[in-house]
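Work through the three exercises below with the coordinates open. Each task is followed by its solution in steps.

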Protein chains: 2
Amino acid sequence: MPHVLPFKQVDVFTAELYKGNPVAVTNCMGIDESEVTTEQLQAIATWTNLSETTFLFKPTEPGCDYKLRIFTPKNELPFAGHPTVGSCKAFIEFTGTKKEKIVQQCGLGHIELSVTDDQKISFKAGKTIVEDISDDVAKAYEATMGIKSIERPRLLKVGPNWVVFLVKDSDEVLKIDADFAAMSALDLDNDHTGVIVGGLKTGCTTGDAYEIRAFAPSIKVPEDPVCGSGTLSFLRYLNEINQYKEPKNLHITQGARVGRNGNLYCKIDTKSDGNADYYVGGYAIAIVNGTITL
Amino acid sequence: MPHVLPFKQVDVFTAELYKGNPVAVTNCMGIDESEVTTEQLQAIATWTNLSETTFLFKPTEPGCDYKLRIFTPKNELPFAGHPTVGSCKAFIEFTGTKKEKIVQQCGLGHIELSVTDDQKISFKAGKTIVEDISDDVAKAYEATMGIKSIERPRLLKVGPNWVVFLVKDSDEVLKIDADFAAMSALDLDNDHTGVIVGGLKTGCTTGDAYEIRAFAPSIKVPEDPVCGSGTLSFLRYLNEINQYKEPKNLHITQGARVGRNGNLYCKIDTKSDGNADYYVGGYAIAIVNGTITL
């Protein structure tokens, strides 16, 4: 017998319809995980054709509110940013919970989520690694985008491997027309997921608003409209450059060149020992509400 | 105020869940077409990320049951095959109609649809044009697929422009691993949408069951899992070769190499004057059922 389960398709990192990044979420909390196979979940994710499709299950570990499984059209992922925010939004609407702190169990471990009074949802990021890249590789990437970075580009390992560039301002970011063939070749040669380019918002005097773009042509995503892991990489990179001494709130916008208007409300929470926690969040809207037949 | 409208995501050309080709269908028959803009509909189609997203409106011409608007993530289309079958299925479920004959108003004109007792839905195809292609171009395509066609390949203009090849049998069809870069270059050089390759099902002695595959790498669809217009092109090509004297039913399967199992039940309806009508149909299943917020 097929299962008919609650379903939502959620727009993430936006308060405005169709301006964010979609994720399809199925509520499997009413069944046992053993009642569905990984092959079934993968077939659904291939069929929706979204960058990610997720499934909420009853948690199997103490202290967690739900267990999340995340699939791309090709494979299962231990974690992903915008699907986590969108799935948490769906969990809140499915269950009616009013909790301010929610814990997601997933392949990466336990992810802490915070929900503000006005329903902004943020997750606390896991470990990030910063590495150098060679000048030759950096220059080759710059040539594919016609940019000159104002700080040394670095490789950020946050799950995906993003090469991060900072340019003069958001005007420079928005005018990039990248050579995707050349960029894709560089990504494949160097085992990089893709490229993040950011710049301070033109006219911003407070140093806390940036425009970024995420390019990943080698995995068939020439431009990701609103990218959670790319945003995290960019935050970590900014902290590497600026060495913030105090907790810093940052507002990242994304997607303008592909018809979106993603808004990410982020925090670099610097601790007294010099380490920092990173928070990425935003609004989400369930646009499709109904059921799905498995 | 946003509209909250009935919505279905329908799997087309399959009786088995997740084995067909999906289309997202919004029922706008309860509002006036002037209440939504083309930009809004396009933004929804970009967001769903499916090959096609459709919108049912009240018909504006006599004798029609509904008006259909069809969008890809990039633009609006006058007609498309699998979205027509999927949207008709959604129309039947939204309205509860028991009619055996349904007429769809769309950019191409009035499309006649038939519904069988067991809910197979078929459309009568519009005009198709057969043209020659040069031996050089044909050979270049064959090299990209490692095949040798057993009949002269032809160009079929059915809206999209498909180059159609017939090979020995379905085993030959299923073993193709195409060179998509080379094929894409040929498609672009010759203004072709892509390539259809078909072969009689291995072991089929009745001459009425074929396996086909549809490749369109230049429009970012390396392999279309279940393609209505490609199937129509193949039917027209078979009639060009075989010059059927009697009406002929054909069963076309598609999608095996990309995890699907599309089944198309087709008819070449030869008339006494030598002309023929072409019918393409199959089952469809509404997998997602609910509402969408516009």
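The model is predicted.

**Exercise 1.** Place Val164(B) in its chain and decide: buried or exposed?

*Solution.*
- Step 1: locate the element. Val164(B) sits in strand E11 of chain B, which spans residues 161–167.
- Step 2: apply the cut-off. Buried means under 20% relative accessible area. Val164(B) has 0% relative accessibility, so Val164(B) is buried.
- Step 3: list the contacts, skipping residues up to four places away in sequence. Val164(B) touches Pro153(B), Arg154(B), Leu156(B), Ile196(B), Ser233(B), Phe234(B) and Tyr237(B).
- Step 4: check a separation. Ser184(B) is 20 residues away along the chain, and the two C-alpha atoms are 15 Å apart.

**Exercise 2.** Characterise the surroundings of Glu52(A).

*Solution.*
- Step 1: read the record. An unreviewed UniProt entry gives Glu52(A) the feature "active site".
- Step 2: find the element. Glu52(A) belongs to the loop between helix H1 (38–48) and strand E3 (53–57) of chain A.
- Step 3: test the exposure. The relative accessible area of Glu52(A) is 12%, so Glu52(A) counts as buried.
- Step 4: collect the contacts beyond four places in sequence. Among them are Pro22(A), Val23(A), Phe71(A), Leu77(A) and His82(A).

**Exercise 3.** Which operation lays chain A on chain B?

*Solution.*
- Step 1: superpose. A turn of 180 degrees with a shift of 0.0 Å along the axis does it, at an RMSD of 0.0 Å.
- Step 2: name the symmetry. The two copies are therefore related as by a two-fold rotation axis.
- Step 3: compare the contact surfaces. Both copies use the same surface: 100% of the contact residues of chain A recur in chain B.
- Step 4: find the residue of chain A closest to the rotation axis. That is Gly290(A), with its C-alpha at 1.9 Å.

Key
Residues numbered from 1 in each chain as written. Chains lettered and ligands numbered in written order. Predicted model: local features only at pLDDT ≥ 70, side-chain atom pairs only at ≥ 80, totals over all residues. Heavy atoms only, no water. Helix = DSSP H or I, 4+ residues; strand = E, 2+ residues; numbered from the N terminus. Buried < 20%, exposed > 50% of the residue type's maximum accessible area, 1.4 Å probe, protein only. Contact = heavy atoms within 4.5 Å. UniProt positions renumbered as here; feature names shortened; annotations may be inferred. Least-squares fit on C-alpha atoms with pLDDT ≥ 70 in both.
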